[in-house]
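Okay, thanks for squeezing me in today. I'll put the sequence and the structure up, and then we can walk through the contacts together.

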2 protein chains.
Amino acid sequence: MNGRHSGRPTLEEVAVRAGVGRGTVSRVINGSPRVSDRAKAAVEAAIAELGYVPNRAARALAGNRTDAIALVIPEPETRLFAEPYFSDIIRGIGAELADTDMQLLLTLIRTPKERARFGQYLAAHRVDGVLLVSVHEDDPLPDLLEQLEMPAVLNGRRSDLESVSYVDADNVGGARAAVAHLIDRGRRRVATITGPLDMYVARARLDGYRQAMADAGLGGGAAGGGATGGSGAGEELIAAGDFTEEGGRRAMRELLARRPDVDGVFAASDVMAAGARAVLREEGRRVPGDVALVGFEDSAIARHMDPALTSVRQPTEEMGRTMARVLLEEIAERAAVRRHVVLATELVQRESV
Amino acid sequence: MNGRHSGRPTLEEVAVRAGVGRGTVSRVINGSPRVSDRAKAAVEAAIAELGYVPNRAARALAGNRTDAIALVIPEPETRLFAEPYFSDIIRGIGAELADTDMQLLLTLIRTPKERARFGQYLAAHRVDGVLLVSVHEDDPLPDLLEQLEMPAVLNGRRSDLESVSYVDADNVGGARAAVAHLIDRGRRRVATITGPLDMYVARARLDGYRQAMADAGLGGGAAGGGATGGSGAGEELIAAGDFTEEGGRRAMRELLARRPDVDGVFAASDVMAAGARAVLREEGRRVPGDVALVGFEDSAIARHMDPALTSVRQPTEEMGRTMARVLLEEIAERAAVRRHVVLATELVQRESV
DNA sequence: CGTGATTGTGGGAGCGCTCCCACTAGGCTT
DNA sequence: AAGCCTAGTGGGAGCGCTCCCACAATCACG
C-alpha cells in the first residue's frame, strides 16, 4: 500500500484493464468520436467494473479549466433573498446543471476585501464562468468580468445599455399589467411607490406604471420605453420608496398627504406594499374598498397579507434555469457572444384589488 | 506565447524571483515554521510583485485534498428554505469560511439518481467535508458519510441518538418557553399543532410543550426528556400538522372541534400558525382575545401576520457559523471526534399572545 | 500498384503543486 | 576536537489527467 494512494482507480488502471492506451480511455470519457466501437465498449466495461470516477483536480490541472461556475451574491442583498426568489433561482440553476458535471460554487461578497479576493479568484481562472445576482448600477464586477473575458450572466441588468449577458424579468410589462388591472377595476387616481431609482429594476417598474397610465389617458406619465424623464402632471402620484417596509410606509403617508383621494396603489415590491397596507390601516382606509393595492414579486408576504395581495409574479425558477443555460452556452463556444433574455411576468390576482 | 500557458505566475517563477528553491516558497505559502525570516520576506515580496495566486487544481492534485466543502440540500426541502432560515444559515457559513480559502459547493439533491451521483462524488473524495441541511429520520446520507469517514456536520439531527456531528437549536427549550409564556398570560387550555412526528424536530417541540404543561400542572403531558410516549389526558389538545399552511388549517379545525374552549395554541412552525390563524378568523375567534397564538421560527410571515405573531427565534446565522466551524475542526484533526452542539432559542414577543 | 488521405491508436510531455529525501551550516554537547 | 543534533534549504519524484505527435492500418483514387 502506497499510503498516499487513495485507492481510487485511475485512468491508467482503466486503460490496462480495457487493454487499450491512456489516450483511448481519455477519448471515451470525453466523448470523442474518434474511437472504434470495440475500444469504446471495452473501456466502458472497465470503467463500470472498476467504478472509475475521473479525478477532477487532475482534469482541471491538465485541461486548464475547472468545471465549476460561481454564483456570486453581494452580501447586502442577501436579506432580499430570504424570499422564495432566491431559492427559486437556485433551484432553477441546480436543475439546469444537474445533467452537467459542473459544480456550483457559492460566493458571498460582504466586504471590499472579499471583493478584491474574488477579483484574484477570477484572475486566477478558478471558475469557468460566473452567475451574478442582484447587480447594482455602479457595480464594477460585471466590467471586471468582461475585461477578463470571463463568461458571465447577470440576473437583471444595470441599465438598458447592459453589455454583459443577462436574464431579466419583464419588469416594464409586469408593472404595466398591474396598473392596467387597477384601472380596469375602475380606479382612477392610481399612485405608485417606486423602488430606489438608482436601480434599473425600479426605473423599469416605474416606466411600466407610466405607460399604463398614459395608455388609459390618466396622469401625465410619459409613455414609451425611454428613460425616466417625464415630469408632467401626475408626478404627485409617484412616491419614492426603497424596497423596504419602512420605505413603503413613508411613501404611503406622503401619497396620502398629497392626494387624499388616491384610490389605487401599485407598489414596486411586496414588502413596500406591506408597509403601505399598514399605513392605510392606521388611517382607516379599507383595502381594497377604499384603496386597491398591487405589489410586485409574488412573495410569501403577498399570500399572507390581509387581504391577500395581488402581485406580479416573475418566472423565478425559469430565470435560474435560463441563466445557467446561457452561461453554459457561453462557456462552450469560446467566442464572446452576449445574450440578453427577458422573460414574461404574470399578474397573480388575489383580494387586494 | 505558449498558448496554453495562462500567463499566471507559478510557484516556480516566484522561487526564481525570490532567489530560493520551490520547496521554500511552498513552505512559506503553507505557513511552515521551518523557514528563515530572510527567506520568508524574500518570498513574500516576490509573491506581491508577481501577484502570485496558487493554482488550486495543482494543489488539490498534489496534496490529495480539495479545499472545498459541500453544502447539501435535499430538494424537497428547498421550499422551506425560502424563509430567512436558509439565507441566514448560508450567511453564517459564508462568514465562517471567509477567512479560510475553503470553497463552498452547493449541491441540490432532487432525485435518487442525483443522490447516487453524490455518493460517487463523496467516494471520489472530491470535497473535504459535508454540511447537511434538513436531514430526515430515514436519511441514509449521514450513515454513508460516516462509513466513508468523511467529515460531516448536520443541521439538526435525526434522533436523540444521532452519532454524526450536528448543530441544532434548542427545540425543546424553545417550545417549553413558548408554552410557558402562554400559561403565564393566563391561558389554561393550551393546545399544540405539531409537525410531522417522524421528524425529530417536531417531536422535540412537542416534548417542550408537554414539559411546560406538566410544569404548570396542566394537561397530561409527560415531562422529562424521553421520547414521545405519554398518552394521558390532554392528548386531545395535541393535533398533528405537517409544517404546511394547509396542515395548520386542518389541525386547527380539529382542535376547535375537540375542544371548543381552547384559549391558547402553540404551533410548531409559523407557517402552520398562519394556517391556524386563518381558521380562527373564519370561526370568528379573535387573536389574541379569544385564542392566543405562538409560532416557531420567527420567519417573515410572523412579522407580517395580523396580529404580528409571537414566535420562537432560532439563532440561525450562528448555527451556520457553528456548523462551518465544527466542520473545519473535524477536517483539521483527522481523528473522528463527533461534536454535538445545541444552541439556545429565544421567544420573540409580538401581539398574538 | 503506388500515392495520399483518413481513421484509430499508444504514449511522451507536460499542467503546478506537495512531499520528502538529501544535504549544508551552525550550535551544542562531552 | 570530534561527534551529533537541529534549523534551513534545494530539488527530484510524483499526483492523474489532457494534449498532441507519431505511427499503423485501412481506404480511395488515378
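Let's start with DNA strand C, which has 27 residues around it, the closest being A:Gly21, A:Arg22, A:Thr24, A:Ser36 and B:Leu11. A residue is near a strand here if one of its heavy atoms lies within 4 Å of it. Of the strand C atoms that come within 4 Å of the protein, sugar and phosphate account for 59%.

Quick housekeeping before I go on. This is a predicted model, so local features need pLDDT of at least 70 and side-chain atom pairs count only at pLDDT 80 or more, while totals for chains, interfaces and linings use all residues. Residues are numbered from 1 along each chain as its sequence is written, chains are lettered from A and ligands numbered from 1 in the order in which they are written, and side-chain values use heavy atoms, with hydrogens and water left out.

Back to strand C, then. Which atoms of A:Gly21 lie 2.7 Å from a phosphate oxygen of DNA strand C, backbone or side chain? For A:Gly21 it's a backbone N or O atom. B:Tyr52 uses an N or O atom in its side chain, 2.8 Å from a phosphate oxygen of the strand. And B:Asn55 has a polar backbone atom 3.5 Å from a phosphate oxygen of strand C. A polar contact, by the way, is a pair of N or O atoms within 3.5 Å; within protein, one must be able to donate a hydrogen and the other to accept it, and residues adjacent in sequence count only if both atoms are side-chain atoms.

In terms of elements, helix 2 (22-29) and helix 4 (56-63) of chain A, plus helix 2 (22-29) and helix 4 (56-63) of chain B, each give at least two residues to the surface near strand C. Helices (H or I, at least four residues) and strands (E, at least two) are DSSP runs, numbered from the N terminus. That surface has eleven nonpolar, ten polar and six charged residues. The classes go like this: Ala, Val, Leu, Ile, Met, Phe, Trp, Tyr, Cys and Pro are nonpolar, Asp, Glu, Lys and Arg are charged, and the others, Gly among them, are polar.

Now over to DNA strand D. There are 28 residues around it, and A:Leu11, B:Gly21, B:Arg22, B:Thr24 and B:Ser36 come nearest. Sugar or phosphate makes up 59% of the strand D atoms within 4 Å of the protein, with the rest belonging to bases. One base contact to look at: a polar side-chain atom of B:Arg22 sits 2.7 Å from a base oxygen of strand D. On the phosphate side, an N or O atom in the side chain of B:Thr24 is 2.7 Å from a phosphate oxygen, and for the side chain of B:Ser36 the distance to a phosphate oxygen is 2.6 Å. Which helix gives the largest share of the surface near strand D? That's helix 4 of chain A, with five residues. By class, we get twelve nonpolar, ten polar and six charged residues near strand D.

Next, the two protein chains. 52 residues of chain A are in contact with 50 residues of chain B, where contact means heavy atoms within 4.5 Å. Together the chains bury about 4400 Å², 53% of it on carbon and sulfur atoms. Buried area is the accessible area (1.4 Å probe) that two parts lose on being put together, summed over both.

How many salt bridges are there between chain A and chain B? Four, with the term meaning a side-chain nitrogen of Lys or Arg within 4 Å of a carboxyl oxygen of Asp or Glu. A:Asp99 pairs with B:Lys113 in a salt bridge, closest N and O atoms 3.7 Å apart. The chains also have eleven residue pairs in polar contact, both at pLDDT 80 or more. The chain A side of this interface divides into 22 nonpolar, eleven polar and 19 charged residues.

Last stop, inside chain A. It's divided into domain 1 (11-54), domain 2 (68-168 + 317-343) and domain 3 (171-313), with bounds from an automatic or database domain assignment. The C-alpha centres of domains 2 and 3 of chain A lie 30 Å apart, and these two domains bury about 810 Å² between them, 50% of it on carbon and sulfur atoms. The rule finds one salt bridge across that domain interface. The salt bridge between A:Arg203 and A:Glu137 has its closest N and O atoms 3.3 Å apart.
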